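Work through these short exercises with the model open. Try each task before you read its solution.

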Amino acid sequence: MKVFVTGASGNVGRYVISELLNMGEQIVAGGTDIKKLNKLFGNQVEAVYFDFTDKTTFNKALENVDRVFLMRPPHLGKPKDLFPFIEAMKEHNIKLVAFLSLMGIERNPMPPHYKIEKYIENLGIPYAHIRPGFFMQNLSGVHAVEIREKNQIFIPAGKSKTSFIDAADIGLATAVLLHEFEKYKNTTHTITGPEALDYYQVAEILSRITRKNIIYAKPGYLRYRTYYIKKRKLDKEYVNVTVALYFMTRIGTAKEVTDVFNELTGKKPRTFEEFAKENYKLFV
Ligand SMILES: NC(=O)c1ccc[n+]([C@@H]2O[C@H](COP(=O)([O-])OP(=O)(O)OC[C@H]3O[C@@H](n4cnc5c(N)ncnc54)[C@H](OP(=O)(O)O)[C@@H]3O)[C@@H](O)[C@H]2O)c1
């Protein structure tokens, strides 16, 4: 049987796929942009058109599939957006759904991941919830624009610390859960990087690596929200969810460091410095 990977072209999904392929699994890769999937994976996977908001795309995606990597696309801010597909997984007797949730979600019912986790559990689908810290890719992705163009990190996280993790490491840990699905039935996994850094430390590492003077601008929530919605024209739902997440971060929910990555994979998680060196070009 095959593994269906949602968000296959995303930060985490692409690594879930490469690691599952290394483990000899057969993959169905889902998304709304088939060209992107073909470009990324060629004939290594079966690419299917899949849209969480279109029920008619579900059956094809779940054909001969017994495990699913489930992620919530960032612009789908309402938990209900994912419920029809979760119901379809139940009908297809999925043996394990590895859901990409969020660190600290068990103590915070506000972000959509909380209700999604509960919906999966209440339907009785065997699950492995992955609860990672903030991705290092946030800095090389959405926030790299200000780093490159203004030498600034523009994130409303105050002085808080974050145990950043590389999405590639999340992909590997998730692949382990899906490959050894019997062992990890009905489990939760808080996966973090090896250290908690504040954004002043992140700026210092990036300055050293890029040989530029990158500063942490430390904007307030309102300035951040207005800038990303009005200037960067990012999706409002997405920006609102991130404001809630940075609110949690300031309370200290993003700083925990766990050994879970090592326990699952036998490896050490990547440091931010290693990540920044490897991805140097994205910051200059
Ligand atoms: N960033 C963080 O620090 C962090 C930390 C913890 C948890 N998370 C959670 O991780 C999730 C995001 O994961 P990611 O960063 O790997 O994703 P991502 O890179 O933002 O990619 C989004 C993916 O969703 C797919 N997609 C978009 N609209 C879709 C639709 N209507 N139906 C089906 N697929 C659709 C896209 O593929 P197509 O373009 O082909 O449709 C793409 O592969 C979010 O739920 C976020 O809350 C993030």
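A polar contact here is a pair of N or O atoms within 3.5 Å. Keep in mind that the model is predicted.

**Exercise 1.** Find which atom of Phe135 lies 2.8 Å from an oxygen atom of the ligand: backbone or side chain?

Solution. Step one: go to Phe135 and look for N or O atoms. Step two: check the distance. A backbone N or O atom of Phe135 lies 2.8 Å from a ligand oxygen. That falls within the 3.5 Å cut-off.

**Exercise 2.** Find polar side-chain atoms of His113 and Asn138 and give their distances to ligand oxygen atoms.

Solution. Take His113 to begin with: a polar side-chain atom lies 2.8 Å from an oxygen atom of the ligand. Then take Asn138: a polar side-chain atom there also lies 2.8 Å from a ligand oxygen. Now add the cover. On its own the ligand has 930 Å² of accessible area, and the protein covers 86% of it.

**Exercise 3.** Describe the shell around the ligand.

Solution. Start with the count: 27 residues surround the ligand. Ser9, Thr32, Arg72, Phe135 and Asn138 come nearest. Next, sort the shell: 12 residues are nonpolar, 11 polar and four charged.

**Exercise 4.** Which residues does Val202 touch, leaving out those up to four places away in sequence?

Solution. Val202 touches Leu139, Ile153, Phe164, Leu197 and Phe272. Now widen the view. The largest nonpolar core has 36 residues, and Val202 is one of those that touch the most other members. Helices α9, α10, α11 and α13 each supply at least two residues of this core. Another core, of 35 residues, lies apart from it and includes Phe135.

Note on methods: Residues are numbered from 1 along each chain as its sequence is written. This is a predicted model: local features need pLDDT of at least 70, side-chain atom pairs count only at pLDDT 80 or more; totals for chains, interfaces and linings use all residues. Side-chain values use heavy atoms; hydrogens and water are left out. A residue is near a molecule or strand if one of its heavy atoms lies within 4 Å of it. A polar contact is a pair of N or O atoms within 3.5 Å; within protein, one must be able to donate a hydrogen and the other to accept it, and residues adjacent in sequence count only if both atoms are side-chain atoms. Accessible areas come from the Shrake-Rupley method with a 1.4 Å probe; for residues, only the protein chains shown count as cover. Ala, Val, Leu, Ile, Met, Phe, Trp, Tyr, Cys and Pro count as nonpolar, Asp, Glu, Lys and Arg as charged, and the others, Gly among them, as polar. A nonpolar core is a set of buried Ala, Val, Leu, Ile, Met, Phe, Trp, Tyr and Cys residues joined through side-chain atoms within 4.5 Å. Buried means under 20% relative accessible area, exposed over 50%, partly exposed in between (1.4 Å probe, protein chains only). Helices (H or I, at least four residues) and strands (E, at least two) are DSSP runs, numbered from the N terminus. Contact means heavy atoms within 4.5 Å.
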